[in-house]
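Look at the structure below and keep it in view while reading. The report covers a pocket, two helix contacts and a loop.

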Amino acid sequence: MRLAVLASGTGSICKAIINADVEVAAVVVDRRCPAIDLAEADNIPVVLVERSNFGTGFDRNQYSTDVVTALQAENIEVVAMAGFGTILGAPFFDAYEGRVLNTHPSLLPSFPGWHAVTDALQHGVRVTGCTVHIATLEVDAGPILAQSPVEIRDDDDENSLHERIKLTERDLYPATIKKFLAQMEKQR
Ligand code: GRF
């Protein structure tokens, strides 16, 4: 199974996947970001599908098609999103239906969206965590594969809490990806 990781940020989750001996065939990024250097340091091909428009004129479907084209050029069969900063549209989810995984920094269905960590803090919940799920067109809503709880401390801010959640993501996500790939192999 050829796996691609989609990233936009620091790439620490992407790096955890690579470190867990999950074979990553390509890392796809939507902007210049530290994930590029991390992947290249491990000799993993990086494809930049640069998003040039962050305004209202952004053509999400065209961009999604461009991502699919880049993935297909690398013969990618399964995609793991790891902090990818662009919401992809139907052309992507049609091409990879049931074969896109995501990790999200809350216990879904609580706190979907970009501000999951702040939302959990503002809501005053005492436990949050991370969720690995199959990604679908509806953001942060697909079938849940695994979850791990993280306690919220009285002195937590967004940064400290997100870092502790990421510690759990770096274990749970690679382990879940491995299981998922093994299942997909069986079904071949
Ligand atoms: C993770 O918390 C992930 O759940 C969220 O973005 C973060 C990515 O972290 N979608 P990093 O850029 O890999 O450090």
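## The largest pocket

A pocket is an open set of grid points with protein on both sides within 12 Å along at least five of seven lines, and its lining residues have an atom within 4 Å of a point. The model shown here is predicted.

Which element gives the most to the lining of the largest pocket? Helix α6 does, with 4 residues. At least two residues of the lining come from each of α1, β5 (100-104), α5 (116-123) and α6.

The space in the largest pocket amounts to about 820 Å³. There are 35 residues in its lining, and those closest to the centre are G83, F84, N102, T103 and W114. Sorted by class, the lining has 16 polar, 14 nonpolar and 5 charged residues. Rolling a probe the size of a water molecule over the atoms shows where empty space is left.

## Helix α1 against helix α6

Helix α1 covers residues 12-19 and helix α6 covers residues 158-187. Their axes come within 9 Å and cross at roughly 45 degrees. An angle counts as oblique when it is not under 35 degrees, not over 145 and not from 65 to 115, and α1 and α6 are therefore oblique to each other. The crossing of α1 with α6 is right-handed.

Which residues of α1 meet α6? They are S12, I13, A16 and I17, and on the α6 side the contact is made by K166, E169, R170, Y173, P174 and I177. The residues of this contact comprise 6 nonpolar, 3 charged and 1 polar.

## Helix α5 against helix α6

Helix α5 also packs with α6, at an angle of about 115 degrees and with the axes 9 Å apart. The crossing of α5 and α6 is right-handed.

From α5, the residues V117, T118 and L121 take part in the contact. From α6, they are met by E158, L161, H162 and I165. By class, the contact of α5 with α6 has 4 nonpolar, 2 polar and 1 charged residues.

## The loop between β5 and α5

Most residues other than glycine have a negative phi, and most peptide bonds are trans. Two places in the model depart from this general pattern, as described next.

The peptide bond that joins L108 and P109 is cis, with omega about 15 degrees. P109 sits in the loop between β5 and α5. F111 lies in the loop between β5 and α5. The phi of F111 is positive, about 55 degrees, although F111 is not a glycine.

Definitions and conventions
Residues are numbered from 1 along each chain as its sequence is written. This is a predicted model: local features need pLDDT of at least 70, side-chain atom pairs count only at pLDDT 80 or more; totals for chains, interfaces and linings use all residues. Side-chain values use heavy atoms; hydrogens and water are left out. Axes are lines fitted to C-alpha atoms, for helices over the stretch in contact, and angles run from 0 to 180 degrees between N-to-C directions. A crossing is left-handed if the near helix is turned anticlockwise from the far one by less than a right angle, and right-handed if clockwise. Contact means heavy atoms within 4.5 Å. Ala, Val, Leu, Ile, Met, Phe, Trp, Tyr, Cys and Pro count as nonpolar, Asp, Glu, Lys and Arg as charged, and the others, Gly among them, as polar. On a 1 Å grid over the protein atoms alone, a cavity is a set of points where a 1.4 Å probe fits but cannot get out, and a pocket is an open set with protein on both sides within 12 Å along at least five of seven lines; lining residues have an atom within 4 Å of a point. Grid points are joined across faces, edges and corners, and a volume is the space filled by probe spheres set on the points.
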